[in-house]
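Q: Could we go through this structure together? I would like to start with the fold and then turn to particular side chains.

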Amino acid sequence: MAILIDATRSNSDMVLSVADIHSNMRLVPLPGETHCVCTLRLLLTVPRSMPDLSPNEWVMLKTTAILQEMIDEVVVPLEQHCSRESCPCMSAGAHLMFLWKDDDMKEPQRLPAMEYINAFIQFARLSLANTELCPRGGRRCPDSFMPRMLKLHRCIFRIYAHAYIQHTEKFCDAAGFFNLGMRFKHWLFFARDSGLVSDMDLRPMRRLIDVVDLTVAGREAH
């Protein structure tokens, strides 16, 4: 039986009985995959040329950049392989399925994975372009700003989880897997450092993330 996770909620209510969820995941990083960690770390700091940028404006800018990066490097390659037939629902393994719900829907819906992804991209772009939700010029953000950012980053994670768990073979060549790994790390480091994702949200890919953390820790120790 699949575990259904509403897109408006975190994964904190997920039943942790998904032992085979990692069966399709590659857990050993490719040689050289972590050599750009220092560069990724630099991308997480506010540029010196923008000293007056508020923390919320930094979250807006980084979320916009990470979203586009994911679209270009992950979603576009998936479009050739992720069909209604191969992925009739948005999933991360055999027992974890995500439902979609936006502001106009009363109930969450089950969508094919690519329809879920496209619905999210449209929702994310509209959210980030909404100057009432995401004001510029140092204006105060509304109380709804951070909950919306949390939702966007939960969905970004779910797309990476779907790519890793359901479509690993599509990124199996060295360049493809390296690209996927670097984009995921960029998102992961930023989302965790900014408090935009919880450990429970990350549980579907916990084993892979543990390997990433150990590898990064080993490099930074030398």
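A: The following exchange covers the fold, the core, one helix, some salt bridges and a surface patch; the model is a predicted one.

Q: How many helices and strands are there in the protein?
A: The protein has six helices and three strands. Along the sequence they are arranged as β-α-α-β-β-α-α-α-α.

Q: And how many of the residues count as buried?
A: Of the 222 residues, 47% are buried. Among contacts with a separation of 6 or more, 72% are between residues 24 or more positions apart.

Q: Which residues have the most contacts inside the largest nonpolar core?
A: They are Met70, Phe120, Phe184, Trp187 and Met205, in a core of 59 residues. At least two core residues come from each of α2, β3, α3, α4, α5 and α6. The largest share, 12 residues, is supplied by α4.

Q: What does Phe120 touch?
A: Leaving aside residues up to four places away in sequence, Phe120 touches Leu67, Met70, Trp100, Leu152, Cys155, Ile156 and Ile159. Phe120 is also one of the buried residues of α3.

Q: What covers the buried residues of α3?
A: The cover includes α2, β2, β3 and α4. Helix α3 itself has 17 residues and spans 24 Å between its first and last C-alpha, close to the 24 Å expected.

Q: Changing topic, how many salt bridges does the count come to?
A: The count comes to eight. In one of them, Asp103 and Arg148 meet at 2.8 Å, N to O. This pair links distant parts of the chain, with Asp103 in the loop between β3 and α3 and Arg148 in helix α4, 45 residues apart.

Q: Is Arg148 buried or exposed?
A: Arg148 counts as buried because its relative accessibility is 17%, under the 20% limit. Asp103, at 54%, is exposed.

Q: Which residues are joined into one network by salt bridges that share partners?
A: Asp210 pairs with Arg206 at 3.1 Å between the closest N and O atoms. Both lie in helix α6, four residues apart, about one turn of the helix. Through shared partners, Arg192, Arg206, Asp210 and Asp213 form one network.

Q: How far apart are the closest N and O atoms of Asp213 and Arg192?
A: They are 2.7 Å apart. Asp213 is in helix α6 and Arg192 in helix α5, so this salt bridge ties together parts 21 residues apart in sequence.

Q: Finally, which residues form a nonpolar patch on the surface?
A: Val46, Met50 and Leu61 do, with about 210 Å² of accessible area together. Val46 lies in the loop between α1 and α2 and is partly exposed, at 36% relative accessible area.

Note on methods
Residues numbered from 1 in each chain as written. Predicted model: local features only at pLDDT ≥ 70, side-chain atom pairs only at ≥ 80, totals over all residues. Heavy atoms only, no water. Patch = residues over 30% accessible without salt bridge, like charges linked within 9 Å, V, L, I, M, F, W, Y side chains within 5 Å. Areas by Shrake-Rupley, 256 points an atom, 1.4 Å probe, with all protein chains shown as cover. Salt bridge = Lys/Arg side-chain N within 4 Å of Asp/Glu carboxyl O. Buried < 20%, exposed > 50% of the residue type's maximum accessible area, 1.4 Å probe, protein only. Core = buried A, V, L, I, M, F, W, Y, C linked by side-chain atoms within 4.5 Å. Contact = heavy atoms within 4.5 Å. Expected span 1.5 Å × (residues − 1).
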